[in-house]
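Q: Could you walk me through one part of this structure slowly, as if I were seeing a protein model for the very first time? I would like one connected explanation that starts with how neighbouring pieces of the chain line up.

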Amino acid sequence: MFSDHRSEDQAAAICPICRQAKSKVLFQAASWEPIARDHGYEVRCCKNCGAAFTSPDISPKMLGVFYSQGLYRDTRNLVSPVVDAFSNLFQWSRLRKITRFFQRGKLLDVGCGKGRFLAYAAKQGWDVYGVEPSENGRKVASRRLGDRVSSNLDELDVNERFDVITLWHVLEHVSEPVEMLRQIHPYIKPEGAICVAVPNFASLQAQIGSEHWSHLDIPRHRTHFTPRTLEYVLDLTGFKI
């Protein structure tokens, strides 16, 4: 039996996309992190816009704790060289999606984590910058990229403009994805673009896995996007696919 994990500042379940409070429970799920396995969470579906989201939302107090666990830790071990080799292949695949439209330019990676993608893009001739709110990830990224990594978008020069802004598995983590996309919009050049990747909550894997789906990652993943809800959010914030 899960314990009641609603924090004192937890309001009613509010959709992170349309901010409406009318939703239904799809299923209950638990975190795979040892620190939260006895905490109960719900994945709910908004009755207004159809977006799925985690409830209760992660409290600010627990936020730093969750982003210091598992894949987010700064660790090196005997298998790290193998992981690095696969990571380079992965980053090549990511950059290839962009180079279909932009060969070179100024690139901002929002939620850059440990900076692996930016480091790879820099080697390919891109002028790279990153934003990473997690202190843990930012330290590693800064070792790779120097002073080109900020802690949040507000630290960027208001006159800064980028050819490409990437959000690789970031939008599902933030409490207000609509507000984030609106904040990003002014930093894109008129002929520029954003590239967004999120886990697909409508995929066959997600439907079969349900509360055990490997990419659910509760409570770090706060919004669970489908292609339809992602398109809705992008349209809502002034982007064209």
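A: Let's start with strands E2 and E3, which pair in the antiparallel sense through 4 bridges; strands count as paired if DSSP finds at least two bridges between them. The model is predicted, so local features need pLDDT of at least 70 and side-chain atom pairs pLDDT 80 or more, while totals for chains, interfaces and linings use all residues. Residues are numbered from 1 along each chain as its sequence is written, and side-chain values use heavy atoms, leaving out hydrogens and water.

Strand E2 covers residues 41-46, and strand E3 covers residues 52-55. These names come from DSSP runs numbered from the N terminus: a helix (H or I) has at least four residues and a strand (E) at least two. If you trace the chain from E2 to E3, you go round a hairpin with 5 residues between the strands. Look for Gly 50 in this hairpin, where phi is positive, near 85°. Back in the paired strands, find Arg 44, whose bridge partner in E3 is Phe 53.

Phe 53 is also a good stepping stone to the next strand, since Thr 223 in E9 stands opposite this residue. E3 and E9 are joined by 2 bridges and run antiparallel. On the E1 side, 6 bridges join E1 to E2, again in the antiparallel sense. There you can spot Ser 23 standing opposite Cys 46 of E2.

Now put the pieces together: the 4 strands form an open sheet in the order E1-E2-E3-E9, with antiparallel pairing. Strand E1 (23-29) and strand E9 (223-224) are at the edges with a single partner strand each, so each has one side without a neighbour in the sheet.

How well is E2 covered? Of its 6 residues, 6 are buried, where buried means under 20% relative accessible area, partly exposed lies in between, and exposed is over 50% (1.4 Å probe, protein chains only). Tyr 41, Val 43 and Cys 45 point to one side, Glu 42, Arg 44 and Cys 46 to the other, and all of them are buried, so both faces of E2 are covered.

Let's follow the chain to some rings as well. The whole structure holds 4 aromatic pairs. Rings of Phe, Tyr and Trp (its six-membered ring) pair with centres within 6.5 Å; planes under 30 degrees apart are stacked, over 60 edge-to-face, the rest tilted. In one of the pairs, Tyr 129 and Phe 162 have ring centres 5.9 Å apart and planes at 65°, so they meet edge-to-face. This pair links distant parts of the chain, with Tyr 129 in strand E5 (residues 127-131) and Phe 162 in strand E7 (residues 162-168), 33 residues apart. Phe 162 is buried, at 0% relative accessibility.

Phe 201 and Trp 213 have ring centres 6.2 Å apart and planes at 55°, so this pair is tilted. Phe 201 sits in the loop between strand E8 (188-197) and helix H6 (204-209), while Trp 213 sits in the loop between H6 and E9, 12 residues away. Both partners are covered: Phe 201 is buried with a relative accessible area of 12%, and Trp 213 is buried with 5%. Ring pairs also bring in Phe 27, giving a cluster of Phe 27, Phe 201 and Trp 213.

Finally, step back to the whole protein chain, which has 7 helices and 9 strands. Of its 241 residues, 47% count as buried.
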